[in-house]
Structures are given as C-alpha cells and as structure tokens.
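Okay, thanks everyone for coming. Could we get the sequence and the model up on the screen, please?

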Amino acid sequence: SSSAAFEVLIGNILSGLYNQMVISPVEIAKASQYAENQFFGKPSGLMDQMASAVGAMIHIDFADQEEPFIEKIEADLSNYGYHLCIVDTKGSHADLTSEYAAIPYEMKKVAQWFGKEVLSEVPEEDFVKDIAKMKEATGDRAILRALHYFAENDRVTAQAQALKQRDFDAFLRLVSESGRSSFMYNQNIHTGNPSAQPVSLALALSEVLLGGRGAFRVHGGGFAGTIQAFVPLDLLEQYHAGIEAVFGAGSCYVLQVRQQGGIKLI
C-alpha cells in the first residue's frame with residue numbers, strides 16, 4: 001500500500017543517513033507498522049510494510065510476530081507473458097478507519113468465542129462445527145470474514161507452491177479465487193454508500209476487458225483505492241486504454257516486481 005511504501009522509504013532514509021543501512025528490513029517494517037498504528041491511527045497488520053521492506057515476490061508466515069518466516073520466490077511475470085497493473089480508482093480512504101478496523105475486530109470476536117486471541121489459534125474444524133452456536137454472539141459478517149481467513153491461509157500456501165513449481169495458470173486461478181472471497185466473504189470492496197463503488201466498478205471492468213484471461217482482485221486494504229490485475233501482454237494496450245477511459249489518464253500503472261526492497265542509491 002502507499003502508506004506502507006512511504007513509511008518504509010522514511011525508515012530506509014534514516015537507516016542510510018544515521019545507521020550505515022544496517023537496520024534490517026524486518027525491523028524497518030515493524031517500525032513502519034508501529035508508526036501507522038500509533039500516529040496515523042490505522043490498525044494495519046504487518047504484511048504491506050514487510051512486502052515493501054523486503055521486496056521481490058515473498059511468502060510470509062506471521063505466526064511468530066517477532067520473527068516472521070519470510071521466503072523469497074523467484075517469479076518474473078514477463079517470463080509468463082504477463083504484466084502487473086495497479087489501477088487507481090480515485091476512491092478516497094478518508095473516514096474509512098472504522099471499516100478497516102472492523103475486519104480484525106470481528107475476526108478476533110470469533111477467536112474470543114473459543115477463548116483465543118486470534119484466529120490462527122483456532123482449529124478450523126472447531127470453528128465450522130460451532131458456527132450455528134456462535135452466530136448470535138459474533139454476527140454473520142464476522143463468521144463470513146473468518147471463513148475468508150481460513151481459506152485464504154490455504155490459498156497463500158498454494159500460491160507460493162504454484163510459483164515455485166512455475167505453474168502460473170494455477171497461480172492466476174488462486175488469485176481469482178482470493179479476489180472473489182474478498183468480495184463475498186471479507187467484504188472489503190465497497191462501503192455503505194451504494195452510489196459510490198469505484199473498486200467494484202474497476203473489478204467488473206477488468207472482467208470485461210480481460211475476457212476470462214489473467215486475474216484481478218482488490219489491492220491493499222480495500223474499500224477504496226486500488227485493484228491489481230495480471231494482464232496478458234497481448235491485452236495490455238486494450239486493458240490500459242479501457243481502464244483509463246473510465247478512471248482517467250494515469251490511473252493504470254504498469255509495474256514490475258523488483259527484487260530489492262529498500263535500498264540506498266549512490
């Protein structure tokens with residue numbers, strides 16, 4: 001996300017100016033998350049900051065918050081005939097803190113039903129067995145978001161495995177499944193204003209423009225802002241033009257995933 005990238009940038013500037021660039025990417029990511037949580041008031045996790053700080057395609061397990069498992073995966077999208085596009089839907093994140101905060105809050109409500117702090121401590125089979133009993137206490141949306149959590153954890157592992165095995169078709173299928181789950185269960189695509197749904201519109205337009213090829217999903221925390229799309233090279237010009245016809249010039253960024261995170265340029 002843009003906030004995480006900016007925080008990591010500042011962390012690397014401080015590391016370069018005063019610490020000979022010896023502060024580790026993990027420490028910079030943690031400091032960045034702390035800054036966002038404490039001083040900007042956004043209850044973000046550590047994923048976006050870690051991705052910006054470490055760079056490359058990475059597989060992360062946050063079971064140990066102090067020492068998360070990080071695995072770099074070699075994956076050059078151009079070798080598979082794809083580009084990564086990030087679409088700025090021009091939706092504002094202002095006044096959305098409560099929407100973001102509701103996601104971890106509701107998932108933790110489900111965990112608390114089992115006497116745990118977070119869902120990673122709850123066996124999925126116990127959760128499924130108790131849905132009928134807990135729905136009154138937690139609410140339906142919390143259960144839907146927990147369903148997304150458990151399935152998404154499995155998808156992440158499968159996505160990493162697909163990239164390591166160079167099975168890009170499987171990776172794209174999993175990206176699409178993840179996007180649908182975000183929309184249906186995690187419900188981080190639009191806010192309560194039915195007349196303003198820029199992220200939903202960008203996703204729908206991507207489906208039309210890609211015609212069943214590639215993949216697309218919400219990017220970052222959702223609700224407003226950006227989506228990501230994996231676009232075949234032969235559709236790139238068509239996709240770029242179609243997106244910018246709706247969201248304006250400069251709204252479709254064609255990106256590459258670089259192998260470095262925060263670095264010092266001399």
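Before I start: when I say contact, I mean heavy atoms within 4.5 Å. With that in hand, among contacts in this protein with a separation of 6 or more, 62% are accounted for by residues 24 or more positions apart. And just to be clear, what you're looking at is a predicted model.

So, the overall picture. The secondary structure comes to ten helices and six strands. The radius of gyration is 19 Å, close to the 18 Å that the globule rule gives for 266 residues, so the protein is as compact as a globular protein of that length. If you lay the C-alpha trace along its principal axes, you get spans of about 55 × 50 × 40 Å. Of the 266 residues, 42% are buried.

Let's go in from the N-terminal end. Helix H1 covers residues 2-18. Its 17 residues should span 24 Å at 1.5 Å a residue, and the end C-alpha atoms are 24 Å apart, so that agrees. The buried residues of H1 are Ala4, Glu7, Val8, Gly11, Asn12, Ser15 and Gly16, and they pack against H2 and H3. Just past the helix, Gln20 takes a positive phi, about 50 degrees.

Next is H2, residues 25-39, where the same kind of check works: 15 residues at 1.5 Å each should give 21 Å, and the end C-alpha atoms are 21 Å apart. On the buried list here we have Val26, Ile28, Ala29, Lys30, Ser32, Gln33 and Glu36. What do those buried residues pack against? Helix H1, helix H3 (47-54) and strand S2 (69-73). Right after H2 there's another positive phi, this time at Gly41, about 80 degrees.

Now jump along the chain to H9, residues 198-210. For its 13 residues we'd expect 18 Å at 1.5 Å a residue, and 18 Å is what separates the end C-alpha atoms. Buried in H9 are Pro198, Val199, Ser200, Ala202, Leu203, Leu205, Ser206, Leu209 and Leu210. The cover over them includes H8, S4, S5 and helix H10 (236-247). Gly211, just after H9, has a positive phi of about 55 degrees.

From S5 I want to pick out one residue, Phe230; the strand runs over residues 226-232. Is Phe230 buried or exposed? Its relative accessibility is 4%, and since buried means under 20%, Phe230 counts as buried. Leaving out neighbours within four places in sequence, Phe230 is in contact with Leu77, Tyr82, His83, Leu84, Phe168, Phe171, Leu172, Val175, Leu210, Gly214 and Ala215. Here's a distance for you too: Phe230 and Leu174 are 56 residues apart in sequence, and 12 Å apart in space, C-alpha to C-alpha.

Last stop, the second largest pocket. Rolling a probe the size of a water molecule over the atoms shows where empty space is left. In this pocket, that space is about 300 Å³. Elements giving two or more residues to the lining are helix H8 (168-186), helix H9 and strand S4 (215-219). The lining has 15 residues, and Ser176, Arg180, Leu203, Glu207 and Phe216 lie nearest the centre. By class, that lining is six nonpolar, five polar and four charged residues. Leu203, by the way, was also on the buried list for H9.

That's my tour, happy to take questions.

Terms used. Residues numbered from 1 in each chain as written. Predicted model: local features only at pLDDT ≥ 70, side-chain atom pairs only at ≥ 80, totals over all residues. Heavy atoms only, no water. Helix = DSSP H or I, 4+ residues; strand = E, 2+ residues; numbered from the N terminus. Buried < 20%, exposed > 50% of the residue type's maximum accessible area, 1.4 Å probe, protein only. 1 Å grid on protein atoms, 1.4 Å probe; cavity = no way out; pocket = protein on both sides within 12 Å on 5 of 7 lines; lining within 4 Å. Points joined across faces, edges and corners; volume = space filled by probe spheres on them. Nonpolar A, V, L, I, M, F, W, Y, C, P; charged D, E, K, R; others polar. Expected span 1.5 Å × (residues − 1). Rg over C-alpha atoms; globule rule 2.2 N^0.38 Å.
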